[in-house]
Amino acid sequence: MNRLQYEKSPYLQQHKNNPVDWYPWGTEAFEKAEAENKPLMVSIGYSTCHWCHVMEQESFENTEVAAVLNEKFVPVKVDREERPDVDAIYMSACQAMNGHGGWPLNVFITPEQKPFYAATYIPRNQMGSMPGIMDVLSQLSDIYRDDPERVAQVGSDISKALEPRAVETRQLNINNVHTAFRAFTQQFDSSYGGFGSAPKFPSPHIVMYLLHYYHQFESEGALYMATSTLDAMASGGIRDHIGGGFSRYATDQAWLVPHFEKMLYDNALLLMAYTEAYQLTGETRYKEVVEEIIEYVHRDLTHEEGAFFCGEDADSEGEEGKFYVWTPEEIEDVLGEVRGEQFAIEYGIDPAGNFEGKSIPNRINRPTAGWSDAERRGALQALYEHREKRVRPFRDEKILTSWNGWMIASMAKAGRVFQEEKWTEFAEEAYRFIENRLQDQNGRFKARWKDGDVQYDAYVDDYANMIWASTELYASTWKPEYIEKASDWAETMISYYYDRENGGFFLTASDGESLLFRPKEAFDGAAPSGNSVAAVQLMRLARLAGNMEFERTAEKTWEAFSASIEQAPTAFGHLMQGLVLFHGDRKEVVIRPSQDDEAFRVKTYIQRAFHPEVTSLVAEEDTDLSRAAPFAEDYPVQNGKTTIYVCRDFSCHAPVHSTESMKYLFDTGQDEQ
């Protein structure tokens with residue numbers, strides 16, 4: 001065993017028996033490299049990554065490769081999910097050197113942490129134009145030994161090019177929102193939904209931007225792109241029709257063949273996107289997807305104390321997708337000949353198969369089998385029970401603060417929209433876990449919990465996503481404590497992560513570990529960046545907590561990235577959602593319930609309807625609002641009736657006493673005559 005045997009990361013544990021003498025990222029590795037004048041090979045991946053497993057089997061389990069690595073390099077393994085800061089630095093280097101990136105990420109660096117070569121998957125032997133790993137190791141070792149000046153120059157040039165620097169900033173306006181919409185329209189795949197060609201990522205934050213754009217500007221085109229994408233994914237093989245949940249991405253244009261790993265963050269954000277689509281359309285097919293995601297997450301990705309695990313692998317028994325695919329014979333063995341044929345027709349299970357001779361269940365352009373919903377559910381349940389007898393994929397059971405924040409926010413939102421109290425309770429359980437297990441004695445977040453072990457100082461994403469969790473839980477429960485905690489965490493986030501000179505948030509804290517540089521990310525890739533979430537949530541929190549400094553910080557944050565936003569608006573889907581809100585017709589509602597039937601009606605409407613432009617505060621008569629929203633005390637109950645105060649663009653209307661009157665104010669902006 002190597003040094004990884006002492007680590008808690010499931011990804012590092014997977015490599016503990018390699019003949020490679022792996023080190024975890026840390027001073028021991030760098031001191032060894034410095035003392036022996038060796039470069040470091042930093043190999044970055046995650047436990048559910050298929051190609052990470054392939055490279056391990058081909059190279060890192062090979063004694064010949066290991067001998068060269070151990071002799072001429074200091075090999076370091078990094079879990080990108082635990083160390084997004086290290087990953088961000090060297091992924092940027094890989095993209096700068098090669099024009100692309102991905103995982104596994106293999107970067108060769110000096111003892112001063114400067115990169116001089118980067119690649120993603122490196123095959124065991126030469127594959128087309130891709131050199132084999134033995135050739136790569138031999139050439140890099142020779143260059144490092146024979147031409148140290150060249151190595152130093154490359155490392156310095158790349159490092160300087162990657163360092164964040166001050167850029168000209170400008171105010172963004174509603175035109176930027178419209179420009180982004182036009183750009184998404186050009187990228188939209190009108191045949192299969194989604195954006196671009198294969199591979200296709202769900203990118204639910206883009207779908208949510210389009211839903212918000214439709215709501216604000218009544219753009220049928222935005223709604224069509226959003227719902228077409230959601231429908232295509234729900235029909236495709238990227239959705240696990242048997243067990244619920246979605247895979248990380250599709251390898252093809254039609255969403256049929258997934259990369260089978262299932263990640264918590266994808267399912268969290270898709271849960272929110274399908275919930276919002278239901279709010280806007282009322283289509284029950286979206287509710288069905290929501291129910292499936294929550295059932296999957298609660299059943300398969302939830303710790304016994306309520307927090308959420310990271311995800312499940314693509315592979316089982318060494319084969320990608322083996323757990324998920326079927327033959328017609330297997331289907332008939334479980335369901336019988338007649339029902340099996342019906343299922344095969346509706347879910348595309350045929351003798352030729354659609355994935356390596358077997359079939360991924362899907363409903364892409366499939367005819368209906370003519371059976372009832374109850375019959376379909378019964379068939380799916382029978383197949384699920386049969387599938388559970390197979391060897392399951394590996395589950396990554398570490399708990400990340402940031403990813404839990406996403407799922408808590410999404411589950412809380414689904415709980416109030418569908419009026420399912422148990423879903424809100426699931427969210428609150430996870431929230432308590434993060435509060436109790438992943439805050440230190442000073443109230444600062446840590447990034448990861450695994451088997452009682454807490455490690456790594458928090459990243460800005462941890463704070464931003466937990467603020468999001470807090471605002472959604474407040475909207476679902478109206479417990480003032482959630483505003484209080486969100487405000488405290490926002491203050492901490494600004495104190496330790498905000499760049500007061502240039503705007504925006506660094507990924508790491510000002511008192512954190514010293515790396516090559518402090519990354520600052522705003523690009524919304526497969527999931528929203530910490531900067532995007534921070535900006536949107538600070539803007540929401542400003543109105544909830546009555547602290548407009550939060551909103552000014554949000555505005556300065558997106559201005560810090562204005563040049564990049566104007567150059568590539570589609571790379572900032574979630575941040576654009578915030579701009580829709582900022583430049584839209586925002587409203588604040590204070591509800592003072594009384595002991596009448598209207599209190600329930602108005603609260604239910606506020607929770608279920610799609611009104612992202614509305615900031616709602618419910619102030620019960622016995623609620624202590626001294627910290628959460630002290631201004632609410634200025635809005636008394638009138639005449640013993642539930643009283644609703646609606647303000648719009650810093651101007652308040654006369655109070656009303658019914659849901660219908662409140663909706664009239666929302667729709668017209670005019671007081672009733």
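A salt bridge is a side-chain nitrogen of Lys or Arg within 4 Å of a carboxyl oxygen of Asp or Glu. The structure is a predicted model, in which local features need pLDDT of at least 70 and side-chain atom pairs count only at pLDDT 80 or more, while totals for chains, interfaces and linings use all residues. Residues are numbered from 1 along each chain as its sequence is written, and side-chain values use heavy atoms, with hydrogens and water left out.

**Exercise 1.** Find which parts of the chain are tied together by the salt bridge of arginine 3 with glutamate 28.

*Solution.* Begin with the distance: the closest N and O atoms of arginine 3 and glutamate 28 are 3.2 Å apart, and the two residues form a salt bridge. Next, place both partners, taking helices (H or I, at least four residues) and strands (E, at least two) as DSSP runs numbered from the N terminus. Arginine 3 lies in the segment before helix 1 (10-14) and glutamate 28 in helix 2 (residues 27-36), so the pair ties together parts that are 25 residues apart in sequence. Finally, consider accessibility, where buried means under 20% relative accessible area, exposed over 50%, and partly exposed in between (1.4 Å probe, protein chains only). Arginine 3 is partly exposed at 27%, and glutamate 28 is partly exposed at 45%.

**Exercise 2.** Describe the surroundings of glutamate 588, starting from its strand and ending with its salt-bridge partner.

*Solution.* Strand 16 (residues 587-592) runs parallel to strand 17 and is joined to it by five bridges; two strands pair if DSSP finds at least two bridges between them. Within this pairing, glutamate 588 stands opposite threonine 615 of strand 17. The side chain of glutamate 588 also meets that of arginine 543 in a salt bridge (2.4 Å, N to O). Because glutamate 588 lies in strand 16 and arginine 543 in helix 20 (residues 530-545), the pair ties together parts that are 45 residues apart in sequence. Glutamate 588 is buried, with a relative accessible area of 15%, and arginine 543 also counts as buried, at 10%.

**Exercise 3.** Decide whether arginine 444 is buried or exposed, and name the partner of its side-chain polar contact.

*Solution.* Arginine 444 is found in the loop between helix 17 (421-437) and strand 14 (446-450). Its relative accessibility is 18%, so arginine 444 counts as buried. Its side chain makes a polar contact with the side chain of aspartate 511 at 3.1 Å, a polar contact being a pair of N or O atoms within 3.5 Å, where within protein one must be able to donate a hydrogen and the other to accept it, and residues adjacent in sequence count only if both atoms are side-chain atoms.
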